[in-house]
Amino acid sequence: VKRVLTYGDRAKLCSHSVAKFLFTTMEDKQTNLALSADVTTGAELLRLADAVGPHICILKTHIDIISDFKPDLVHDLSHLAEKHGFLIFEDRKFADIGNTVKHQYSSGVYRISDWSHIINAHALPGPGIVQGLKEVGLVKDRACLLIAEMSSKGNLATGDYAKATLKMAEEHDDFVIGFITQSKLSNDPNWVHITPGVKLTRGKDSLGQQYLTPREVICDKECDIIIVGRGITEAEDSVVAAKAFQEAGYNAYLERMQK
Ligand code: 5IU
């Protein structure tokens with residue numbers, strides 16, 4: 001019988017420290033939930049991170065939508081990450097040539113490489129983008145996800161795009177730990193497959209977002225982590241909602257283990 005590896009088994013296999021920490025956290029906290037904390041003030045971001053922190057393995061930020069950003073914010077957020085044991089993932093979606101993304105990652109107002117454990121990048125510009133990001137991130141033990149497939153209707157990442165993205169990742173596996181994707185790209189247990197566009201029922205929003213359920217993502221499509229934004233941030237009680245997604249995601253994982 002083919003045995004499916006647990007998150008704990010995969011933590012032992014991984015060589016990248018961020019992937020190791022991530023899989024260990026998922027096993028220990030029994031969660032494959034990433035919160036997309038798409039709120040627009042520092043206070044809201046910190047409140048959400050502290051309240052939902054016990055239920056997540058990753059907190060995903062869009063730091064450039066915070067209207068009152070001050071460097072203190074990322075300092076306080078880092079403390080909450082340590083307190084609750086989650087990783088910070090700035091969803092910056094770098095998409096330029098290597099030389100430009102190096103500056104965008106390390107400098108500017110946000111100095112992303114100083115505080116974000118994980119960043120992501122489009123594969124579109126070619127391997128130079130990963131090389132540029134790596135020049136900044138590798139010495140700081142940071143990790144990168146490549147965007148292989150998107151959740152939005154009509155997106156152009158189709159055909160062989162995901163396969164080419166996988167190949168790019170394989171050539172930089174000291175820095176790239178996995179993918180933002182809608183389906184599993186590889187059976188190699190080292191890769192982390194992370195999926196946005198998740199709600200408790202299928203559906204869409206008015207701007208092309210398309211939602212799958214935790215069970216479809218984790219059990220049917222065999223991805224590892226669900227990213228949930230408005231399903232939690234727009235719920236009446238964000239902690240109750242986070243618990244519901246944590247349970248749905250983890251039960252789907254346990255079901256997949258039985259397959
Ligand atoms: N996100 C997607 N789809 C993608 C990628 C990123 O939704 O293909 I790449 C981001 C956008 C948003 C979050 O920050 O994930 C999903 O938020 P909602 O759960 O509120 O739709």
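This report walks through a predicted model, from the surroundings of its ligand to a central strand and a few individual residues.

**Around the ligand**

Let's start with the ligand. Its shell is made up of 17 residues, with Met150, Ser151, Pro196, Gly229 and Arg230 the closest. Two elements give two or more residues to that shell: β10 (225-228) and α9 (230-233). Sorted by class, the shell holds six nonpolar, eight polar and three charged residues.

How does that sit with the record? The unreviewed UniProt entry lists Asp38, Lys60, Ser151, Gln209, Gly229 and Arg230 under "binding site". Ser151, Gly229 and Arg230 are also among the closest residues to the ligand in the model.

Serine 151 deserves a closer look. You'll find serine 151 in the loop that links β5 (143-147) to α7 (161-170). Its contacts, leaving out residues up to four places away in sequence, are Gln182, Pro196, Gly197, Gln209 and Gln210. Of these, Gln209 is another position on the "binding site" list from UniProt, and Pro196 is one of the closest residues to the ligand. Serine 151 counts as partly exposed because it has 19 C-beta neighbours inside 10 Å, and a residue needs 20 or more to be called buried.

Arginine 230 belongs to helix α9. With 14 other C-beta atoms within 10 Å, arginine 230 is partly exposed too.

**Strand β5 and its partners**

Now for the strand that comes before the serine 151 loop. Is β5 buried or exposed? Five of its five residues are buried, so the strand is largely enclosed by the rest of the structure. Its side chains split between two directions: Ala143, Leu145 and Ile147 point one way, Cys144 and Leu146 the other, and all of them are buried.

β5 has a parallel partner in β4 (residues 118-122), with five bridges joining the two strands. In that pairing, histidine 122 stands opposite isoleucine 147. To get from β4 to β5 the chain goes through α6, and this β-α-β crossover is right-handed.

Strand β6 (residues 176-180) also pairs with β5 in the parallel sense, this time over four bridges. Here leucine 146 faces phenylalanine 179. Together with α7, the strands β5 and β6 form a right-handed β-α-β unit.

**The annotated active site**

Which residues does UniProt mark as "active site"? The unreviewed entry gives Asp91, Lys93 and Asp96.

Lysine 93 is part of strand β3 (residues 87-94). Leaving aside neighbours within four places in sequence, lysine 93 is in contact with Asn120, Ala121, His122 and Ile147. Two of those names have come up already: His122 and Ile147 stand opposite each other where β4 meets β5.

Aspartate 96 sits in the loop between β3 and α5 (98-106). Outside its sequence neighbourhood of four places, aspartate 96 is in contact with Val101 and Pro125.

Over in helix α6, isoleucine 129 comes close to this loop in space. The C-alpha atoms of isoleucine 129 and aspartate 96 are separated by 6.6 Å, although the two residues are 33 apart along the chain. Isoleucine 129 is in contact with Phe94, Ile97, Gly98, Val101 and Ala121, again without counting neighbours within four places in sequence. Val101 is thus a name to remember, as aspartate 96 is in contact with it as well. Isoleucine 129 is buried because it has 25 C-beta neighbours inside 10 Å, against a threshold of 20.

**Two loop residues with positive phi**

Two residues stand out for their backbone angles. Aspartate 141 has a positive phi of about 60° although it is not a glycine, and it lies in the loop between α6 (128-137) and β5. Glutamate 222 likewise isn't a glycine, yet its phi is positive and near 60°. Its place is the loop between α8 (214-220) and β10.

**Burial of selected residues**

| Residue | C-beta neighbours inside 10 Å | Class |
|---|---|---|
| Aspartate 141 | 12 | exposed |
| Glutamate 222 | 14 | partly exposed |
| Lysine 93 | 14 | partly exposed |
| Aspartate 96 | 17 | partly exposed |

So aspartate 141 counts as exposed with its 12 neighbours, because the exposed class takes in residues with 12 or fewer.

Key
Residues are numbered from 1 along each chain as its sequence is written. This is a predicted model: local features need pLDDT of at least 70, side-chain atom pairs count only at pLDDT 80 or more; totals for chains, interfaces and linings use all residues. A residue is near a molecule or strand if its C-beta atom, placed from the backbone, lies within 6 Å of it. Ala, Val, Leu, Ile, Met, Phe, Trp, Tyr, Cys and Pro count as nonpolar, Asp, Glu, Lys and Arg as charged, and the others, Gly among them, as polar. UniProt positions are given in the numbering used here, feature names are shortened, and annotations may be inferred rather than shown by experiment. Two residues are in contact if their C-beta atoms, placed from the backbone, lie within 7 Å. Two strands pair if DSSP finds at least two bridges between them. A crossover is right-handed if, with the strands pointing away from the viewer, the path from the first strand over the helix to the second runs clockwise.
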